[in-house]
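Hi there,

Here is the structure I promised to pass along. Have a look at it first, and then read on for my notes.

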Amino acid sequence: MSDPGPLETVFKKLCAMEVPLNERLALFSAAVREHALPYADAYDELVARLQSADAGASAPQTGDQMPAFALPDHHNRIHELAEMLACGPVVVSFNRGHWCQYCLTELDALKRGLQEICATGGQVVSIMPETSEFTAQVAEGVDFAFPILSDENNGYALMLNLVIWMGDRARSLWIADGVQLDYSQGNGSWFLPIPATFVIGTDGQIIARMVDPDFRKRMDIETILSALHQARQ
């Protein structure tokens, strides 16, 4: 971003705070507006465009069967949804990439909440459209607490109607600050998934979902835990 020093400082401070996920995200958005206003304006414009187009509205709904996936982690081990569901409910979190501090904040919250999630019998997996070089970085950042899977070319996200184009304004800002999606994704499309979270029961049905074009908001850990407790009933 245009002023990475202050934002990185804020990001690190937020990662150390014991506050709910969306409160941390709101504080980071306030810092973006203070220290990187061109990004804040571009994000407002992007979110308004996506909301007006009902982006994500046709993604799988609560009560639907979650489409199957078989995707690799950074060791090229294939993780299949069906095999995971045989061991318990699964929390599937779609994230944009290693460069997205909103996504890293969410993944940090999932790591912090993992003990409680596992206590319900649940599991966590993150899916992002990056090559193994970069999913490895993210996996290391969460201490390898749960799998970070590569959905190269957004194939699975496309199946779920989650894929969006970020637009020229955000693309220009990212390129100027060295965010190279063509390299980290292995293609030059500049498409991303809408960050989304699905809680899936062992029968494959979606118990809870959050698909919000405003990527600055994510499903709270408390909501995830409530859905997982529901799955046990």
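Below is what I found, going from the sheet to the core and then to a few single residues.

Please keep in mind that this is a predicted model.

Let's start with the sheet. It is open and has five strands in the order β5-β4-β3-β8-β9, with mixed pairing. The edge positions go to β5 (148-150) and β9 (206-211); each has a single partner strand, so one side of each is left without a neighbour in the sheet. From one strand to the next, the twist averages 20°. As a reminder, strands of a sheet pair through backbone hydrogen bonds, either parallel or antiparallel. Strands β3 (residues 90-94) and β8 (residues 196-200) take the antiparallel option, over five bridges. If you want a spot to zoom in on, try Val90, whose bridge partner in β8 is Ile200.

Two helices lie across these strands. Helix α5 (residues 101-112) lies across β3, β4 (123-128) and β8, and runs at about 165° to β4. Helix α7 (residues 132-141) lies across β4 and β5, at about 170° to β5.

Next, the core. The largest nonpolar core holds 74 residues, and the members touching the most others are Phe69, Phe94, Leu162, Trp174 and Phe198. Helix α3 (residues 37-52) gives the most to this core, with six residues. Phe94 is a good one to click on: leaving aside neighbours within four places in sequence, its contacts include Met66, Ile127, Tyr156, Leu162 and Phe198.

Gln185 also caught my eye. It sits in the loop between α10 (181-184) and β7 (191-193). Is Gln185 buried or exposed? Gln185 is buried, because its relative accessible area is 1%, and the cut-off for buried is under 20%. Not counting residues up to four places away in sequence, Gln185 touches Pro129, Glu130, Thr131, Glu152, Phe191 and Leu192.

Finally, the cysteines, since you may well wonder about them. How many disulfides does a search of the whole structure find? The search finds zero. For Cys15, the nearest cysteine sulfur is that of Cys100, 12 Å away. Cys15 is partly exposed, with a relative accessible area of 22%. Cys103 has its nearest cysteine sulfur, that of Cys100, at 3.2 Å. A disulfide needs the two sulfur atoms within 2.5 Å, so Cys103 is in no disulfide at that distance. Cys103 is buried, with a relative accessible area of 0%.

Happy browsing, and best wishes!

Terms used
Residues numbered from 1 in each chain as written. Predicted model: local features only at pLDDT ≥ 70, side-chain atom pairs only at ≥ 80, totals over all residues. Heavy atoms only, no water. Pairing = 2+ DSSP bridges. Helix = DSSP H or I, 4+ residues; strand = E, 2+ residues; numbered from the N terminus. Axes fitted to C-alpha atoms, helices over the stretch in contact; angles between N-to-C directions. Contact = heavy atoms within 4.5 Å. Core = buried A, V, L, I, M, F, W, Y, C linked by side-chain atoms within 4.5 Å. Buried < 20%, exposed > 50% of the residue type's maximum accessible area, 1.4 Å probe, protein only.
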